[in-house]
Amino acid sequence: MKKTRVLGMLVGLVIVSGLFIFAISGDHKKKLLNEGTSQYFPMAVDFAGEKAPLQISDVRERFDRELLVNANLHSSTILIIKRANRAFPIIEPILKQYGVPDDFKYLAVIESALTNAVSSSGAKGVWQFMPETAKEKGMEVNDAVDERYHLQKSTEAACKYLVAAKQKFENWTLAAASYNGGMTGVNTKIIEQQVTDYYDLLLTDETSRYVFRILALKEIMQHPELYGFQVDKTVMYQHIPSKIIEVDSSITDLAVFAKNQGINYKILKIHNPWLRDKKLLNPSKKKYLIEIPTEGY
């Protein structure tokens, strides 16, 4: 009877506390929850609809670490938010086409900050493909053309990998982790540790942080104001209108080609970073689609 009375009092206290939070003024509530600061912590988060178990202490702390790091990398995070305004409209429909959840666009964010990054191991592009993996997924990689720098084609290649990983692991969270740790590497840990949940696995430091980085950037980018970021739409990086030129012959001088299209060599390379040489020799008559901006320059 005594236990029942104590339990009833505790439940009542929780309800009263909840009502108190909702009863207080909006400004005071924001202060209590640290809204608008890097100290804000959400009540719940998920990746691709798969809930993160924040009630587990180490899971909560690992997520908190990535939130704090990225909420305090102020200039870097603002740049990512600005770039996303231009990159996400290209990435999102491709994810949808392949049946890959929209949340995977944040995987690209943590891989490269939405730039054509180059890692010390030789991975390149927004999706950070190694040369052999890129070729396996159908991309052309050589001294003249490197489609790891082609956002549409590299996104398609990433989708092919992620769909295969989902089929293997039967959930999207492990598929995301395997993008960093490899399918074989993650599967080996699952067998060794006899668990099937990412949040229960003891992995390398990088892979154990990987999904939490995705969760943190997703949370901050979806709710920037809660973490103190005020980025007006007018300062976002905008899509630049362009046209597509189909080429099935060699271009001996890309600078001359660019001038003939009404732009210069620099602009041509900015919009077609997959063109890696000063020329495009094409003896096989392969069709290439070259983007030519029509405004903005």
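These exercises walk through a predicted model of one protein chain.

**Exercise 1. Describe the chain as a whole: how many helices and strands does it have, and what share of its residues is buried?**

Step 1. Start with the secondary structure. The chain has twelve helices and four strands.

Step 2. Turn to burial. The chain has 297 residues, and 41% of them count as buried.

Step 3. Look at the surface. The accessible surface is about 16,500 Å². Carbon and sulfur atoms account for 54% of that area.

Step 4. Check the contacts along the sequence. Take the contacts between residues at least 6 apart in sequence: 61% of these join residues at least 24 apart.

**Exercise 2. Find the largest pocket: which residues lie nearest its centre, and which elements line it?**

Step 1. Take the volume. The largest pocket holds about 940 Å³ of space.

Step 2. Find the centre. The lining has 31 residues, and those nearest the centre are Ile90, Leu151, Ile270, His271 and Glu291.

Step 3. Match the lining to elements. Two or more lining residues come from each of α4 (74-98), α7 (151-169), β3 (242-247), α12 (265-271) and β4 (288-293).

Step 4. Sort the lining by class. It has 16 nonpolar, eight polar and seven charged residues.

**Exercise 3. Do the same for the second largest pocket: which residues are closest to its centre?**

Step 1. Take the volume. The second largest pocket holds about 450 Å³.

Step 2. Find the centre. Of 19 lining residues, Glu111, Ala123, Gln128, Tyr179 and Asn180 are the closest to it.

Step 3. Match the lining to elements. Helices α5 (105-112), α8 (172-181) and α10 (205-222) each supply at least two residues.

Step 4. Sort by class. The lining has nine nonpolar, seven polar and three charged residues.

**Exercise 4. Work out how α5 sits in the structure: which of its residues are buried, and what covers them?**

Step 1. List the buried residues. They are Lys105, Tyr106, Leu107, Ala108, Val109, Glu111 and Ser112.

Step 2. Draw the conclusion. Seven of the eight residues of α5 are buried, so this helix is largely enclosed by the rest of the structure.

Step 3. Identify the cover. It includes α4, α8 and α10.

Step 4. Zoom in on one residue. Serine 112 is part of α5. Its relative accessible area is 6%, so serine 112 counts as buried. Beyond its neighbours up to four places away in sequence, serine 112 touches Ala117, Gly125 and Val126.

Step 5. See what comes after the helix. Alanine 113 follows α5 and has a positive phi, near 55°.

**Exercise 5. Place tyrosine 40: is it buried or exposed, and what does it touch?**

Step 1. Locate it. Tyrosine 40 lies in the loop between α2 (26-32) and β1 (46-47).

Step 2. Apply the cut-off. Buried means under 20% relative accessible area. Tyrosine 40 has 14%, so it is buried.

Step 3. List the contacts. Leaving out residues up to four places away in sequence, tyrosine 40 touches Leu33, Asn34, Glu35, Leu67, Glu219, Leu226 and Tyr227.

Step 4. Take one partner. Leucine 67 is 27 residues from tyrosine 40 in sequence, and their C-alpha atoms are 8.7 Å apart.

**Exercise 6. Survey the salt bridges: how many are there, and how exposed are the partners in three of them?**

Step 1. Recall the principle. Side chains of opposite charge can pair when their charged atoms come close.

Step 2. Count. The whole structure has 14 salt bridges.

Step 3. Take glutamate 147 and lysine 153. Their salt bridge has an N to O distance of 2.9 Å. Glutamate 147 is buried, at 3%, while lysine 153 is partly exposed, at 33%.

Step 4. Take lysine 189 and glutamate 192. Their N to O distance is 4.0 Å. Both lie in helix α9 (residues 183-193), three residues apart, or about one turn. Lysine 189 is partly exposed at 28%, and glutamate 192 is exposed at 51%.

Step 5. Take aspartate 277 and lysine 279. Their closest N and O atoms are 3.3 Å apart. Aspartate 277 is partly exposed at 25%, and lysine 279 is partly exposed at 32%.

Step 6. Look for a network. Salt bridges link Asp46, Asp103 and Lys218 in one.

Terms used: Residues are numbered from 1 along each chain as its sequence is written. This is a predicted model: local features need pLDDT of at least 70, side-chain atom pairs count only at pLDDT 80 or more; totals for chains, interfaces and linings use all residues. Side-chain values use heavy atoms; hydrogens and water are left out. On a 1 Å grid over the protein atoms alone, a cavity is a set of points where a 1.4 Å probe fits but cannot get out, and a pocket is an open set with protein on both sides within 12 Å along at least five of seven lines; lining residues have an atom within 4 Å of a point. Grid points are joined across faces, edges and corners, and a volume is the space filled by probe spheres set on the points. Ala, Val, Leu, Ile, Met, Phe, Trp, Tyr, Cys and Pro count as nonpolar, Asp, Glu, Lys and Arg as charged, and the others, Gly among them, as polar. Buried means under 20% relative accessible area, exposed over 50%, partly exposed in between (1.4 Å probe, protein chains only). Contact means heavy atoms within 4.5 Å. A salt bridge is a side-chain nitrogen of Lys or Arg within 4 Å of a carboxyl oxygen of Asp or Glu. Accessible areas come from the Shrake-Rupley method with a 1.4 Å probe; for residues, only the protein chains shown count as cover.
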